[in-house]
Amino acid sequence: MIFRYLAVQVIAARAFRSSPVSTTAKGHAFRLNRLATSATATATALHSASTLADSTATGANSACVDEINPLLASWDGEPYNLPPFSKIKTTHFEPALHAAMEAHLSELEAIAASETNDFDSILKAYDRAGGLYSKVGSVYGNYLSSLNTPEMQDVQTAMAPVLSRHRSKTYAIPGLFSKIEMMYNMREEKVSSGEWDTEQSRLAERIYLNFVRQGAKLDSKSKDEYADIQAELAGLQTSFIQNMLKDEETWEMVLSENDMEGCPTDLVSAARQAALDRGHAGEDEYVITLGRSLVEPFLTYSSRRDLREKAFAAWTSRGELSEERDNLAIATQILKLRRRQAELMGYKTFAEFQLEDTMAQNPDAVKKLLLNVWERAKESAKRERSCLEEFVAESGETLDGGVMPFDWRYYAEKVRKANYDFDESELKPYLSLDSVTNAIFDVSGKLFGLKYRKVDVQAYHPDVTVYEVRKEEGGEDRLVSLFLADNYARQFKSSGAWMSEYRSQTKNIAPGTDEIEKIPIVSNNNNFAKGSGSTLLSFDGKRSGYPLDYLFQSDPDFVELPSQLMEHWFEEPRVLKEHARHHETGEPVPDELIERLKAASVFNEGFATVEYTACALYDMAVHSLSDYDNFDLAEFEKEYLQEIGMVQGIVMRHRPAHFAHLFASSSYAAGYYVYQWAQVLDNDVYAAFEETGDVFDTHTAEKCRQLIYSAGNTEAPEELFRQFRGRDPDISFFLKNRGLSG
């Protein structure tokens, strides 16, 4: 892949990302390998929201360089040209962003004024434009996710509408769109004549369509309104995520050791560490926060029903725990603005507008997929609920109100142990973070020839580990990526899990630029609870999708495939036997424990699928409305879940006031279904490996690397899938692996 624009696009506001599998070994596995594999000149090189390019400050950029501000100075003296993390202060961001925006506009204006109208002077230059903005913006976006202190949040609040206005300006520069349109109109002729290749044609198509979807064809008055809407949305979305983060930062449940009854030792240790981190230094103080890596295990193991209820109530009410932080009102205003945005673009609803440029193409296609799974998942979850009720009855317990949402995880774990003789806590000692990391390094080595070497380089936080990712090609041991592993939860870090970047992959750099600028710098971010000893992970196979971290320029419903695919290898017994070793003794995981794990693998998948699919259906329903007058978001949630037959004892995994995928950014709005769609694809792709008789088959791995990981958006994703499988996706593999096929 030559052009950055055809790599995976990342929206600058990364803070909304959260993953429902952030504390699992399998979840860590697929995120980590997606990250590393993407660094091998593959599909996950990222791109900023304004199509920013080469990070060398030349031409207009050099005029902006201020030696005092490390964000604007040259990074040539830093290892691998990494950002100068030790020198960066919060006060540097605003002036650096303003300087970078000015330089970016100057570069785009130069393209618009160019007297030469060929590929290099227009499209190649556009792909490369905004180098300084890309460099500064990548650090800014990552800090908003990983180091979003109160001071940083002030910068975010001030800059959100400013950056939105800048983005609108980049699509409204006089003369620029006419040149882009000229390139678009000549693309087929250029390919036919042999002057352009298919990647050049795809670049012309994607840039043009992005301009159109950003309002380039609107009249002047409508363009101004569209820009106003975008700026207002940026401010509201920033307020939404900051309100949610504030709830997560401030709420805590302080407990004694006796209150931790039923919890495994690693959870007790993590709760003790959380207490110390939050200033509770008493000898008998433990803290459960609203971070998923603490609250979800607590709901699973705590025998104190009253405490489970308290924790669950707060966890599912993030974004509305304080009257001062009313995320429901903010979300309602966001919905109204999106509807108007869609109307300006000629669509009745935001869902129609959002889906028009995807593989799904329209809301009906999405609903067909979701409802197919929904009905099956409901029946499975109802059977699971009956199992829980039977267990409670047989144990002689009496539950006021029956099995409530705050009971489900607890009793599901009890039933799993009783019916399958499988206890999650029995497996966790074999799944230390180090063991899982080594396993994925090994798997990616076998599949793609990658090697990892830890390097002594300072990052933005002491918990972050930096690796070189290398690959032997043509007899040469070549650096293909820098990989930053940021694994632990901490204050001012967004919850969940995500991948991000500090430098995008590209071959389109300016002449004379250091070749290191072609090498991507990617970051894998988790929120594992950090205890005093080894960090032990759950194997929990439940996955409602991995938030999303990337968007293909055209098809977000394809982008999660590469990340979710890697999860399958971690389920292989041969991988577990080699790498799942006891964190204290080094003994390999027993065969009989693997067998029990396999036997219990689909238990409670009905619950997990209902939890997720309800969110995806809700997302599509709320964005398919054409009128939000007198709209009550909380009442809509209640009525819609009743309409689709929500299973008793289950709530949506992301309720509206903290549904950050929808309301902290527009990226996944009317798009949360992509995780389930990606699960259909990843199960189908993995079946291709299984059909060879060897899940490490080299021919299939190379084909997968070329068509799934390396192609990015150089071709339409549906065509890439057909090239790999020889047909359209088959949902049967997904249904079978989730226990929903019969």
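User: Which residues does Leu447 touch, not counting residues up to four places away in sequence?

Analyst: In this predicted model, Leu447 touches Met566, Trp569, Phe689, Val695, Phe696 and Ala701, with residues up to four places away in sequence left out of the list. The general idea is that, in soluble globular proteins, nonpolar side chains tend to be buried together. In the present case, the largest nonpolar core has 133 residues, and Leu447, Trp569 and Tyr673 touch the most other members.

User: Which helix gives the most to this core?

Analyst: Helix 24, which covers residues 605-622, gives the most, with 11 residues. Another core lies apart from the largest one. This other core has 38 residues, among them Met101, Ala103, Tyr140 and Val464.

User: How many helices and strands are there in the chain?

Analyst: The chain contains 30 helices and nine strands. Burial can then be read for the chain as a whole: of its 742 residues, 64% count as buried. The accessible surface comes to about 27000 Å², and 46% of that surface belongs to carbon and sulfur atoms. Contacts offer a further view. Among those between residues at least 6 apart in sequence, 78% join residues at least 24 apart.

User: How should an aromatic pair be read, and how many aromatic pairs does the count come to?

Analyst: A pair of aromatic rings is described by the distance of the centres and the angle of the planes. In this structure the count comes to 38 aromatic pairs. One of the pairs is formed by Phe240 and Phe663, with 5.6 Å centre to centre and 50° between the planes, and this pair is tilted. Phe240 lies in helix 9 and Phe663 in helix 26 (residues 660-663), so the pair ties together parts that are 423 residues apart in sequence.

User: Are Phe240 and Phe663 buried or exposed?

Analyst: Phe240 is buried, and Phe663 is buried as well. A second tilted pair joins Tyr618 and Phe636, with 5.8 Å centre to centre and 55° between the planes. Because Tyr618 lies in helix 24 and Phe636 in helix 25 (residues 633-644), this pair ties together parts that are 18 residues apart in sequence. Tyr618 is buried, with a relative accessible area of 0%, and Phe636 counts as buried at 14% relative accessibility.

User: Which residues do ring pairs link into a cluster?

Analyst: Ring pairs link Phe85, Phe93, Tyr140, Tyr143, Tyr460 and Tyr502 into a cluster. Tyr140 has already appeared above, among the residues of the 38-residue core.

User: How should a salt bridge be read, and how many salt bridges does the count come to?

Analyst: Side chains of opposite charge can pair when their charged atoms come close. Here the count comes to 56 salt bridges. In one of them, the side chains of Arg340 and Glu225 meet at 2.7 Å, N to O. The pair links distant parts of the chain, with Arg340 in helix 13 (residues 327-344) and Glu225 in helix 9 (residues 220-250), 115 residues apart. Arg340 is partly exposed, with a relative accessible area of 26%, and Glu225 counts as partly exposed at 27% relative accessibility.

User: What separates Lys246 and Glu249 in helix 9?

Analyst: Lys246 and Glu249 are three residues apart in helix 9, so about one helical turn separates them. They form a salt bridge, with their closest N and O atoms 3.9 Å apart. Lys246 is partly exposed, with a relative accessible area of 30%. Glu249 is buried, because its relative accessible area of 17% is under 20%.

User: Do Arg490 and Asp486 count as buried or exposed?

Analyst: Arg490 counts as buried at 16% relative accessibility, and Asp486 counts as buried at 0%. Their side chains meet in a salt bridge at 2.8 Å, N to O.

User: Which residues are linked in a network of salt bridges?

Analyst: Arg292, Glu296, Arg409, Glu611 and Arg653 are linked in such a network.

User: How should disulfides be read, and what does their count come to?

Analyst: A disulfide is a covalent bond between the sulfur atoms of two cysteines. In this model the count comes to zero disulfides. The burial of individual cysteines can still be read: Cys387 counts as partly exposed at 27% relative accessibility, whereas Cys615 counts as buried at 0%.

Methods. Residues are numbered from 1 along each chain as its sequence is written. This is a predicted model: local features need pLDDT of at least 70, side-chain atom pairs count only at pLDDT 80 or more; totals for chains, interfaces and linings use all residues. Side-chain values use heavy atoms; hydrogens and water are left out. A disulfide is a pair of cysteine sulfur atoms within 2.5 Å. Buried means under 20% relative accessible area, exposed over 50%, partly exposed in between (1.4 Å probe, protein chains only). Helices (H or I, at least four residues) and strands (E, at least two) are DSSP runs, numbered from the N terminus. Contact means heavy atoms within 4.5 Å. Accessible areas come from the Shrake-Rupley method with a 1.4 Å probe; for residues, only the protein chains shown count as cover. A salt bridge is a side-chain nitrogen of Lys or Arg within 4 Å of a carboxyl oxygen of Asp or Glu. A nonpolar core is a set of buried Ala, Val, Leu, Ile, Met, Phe, Trp, Tyr and Cys residues joined through side-chain atoms within 4.5 Å. Rings of Phe, Tyr and Trp (its six-membered ring) pair if their centres lie within 6.5 Å; planes under 30 degrees apart count as stacked, over 60 as edge-to-face and the rest as tilted.
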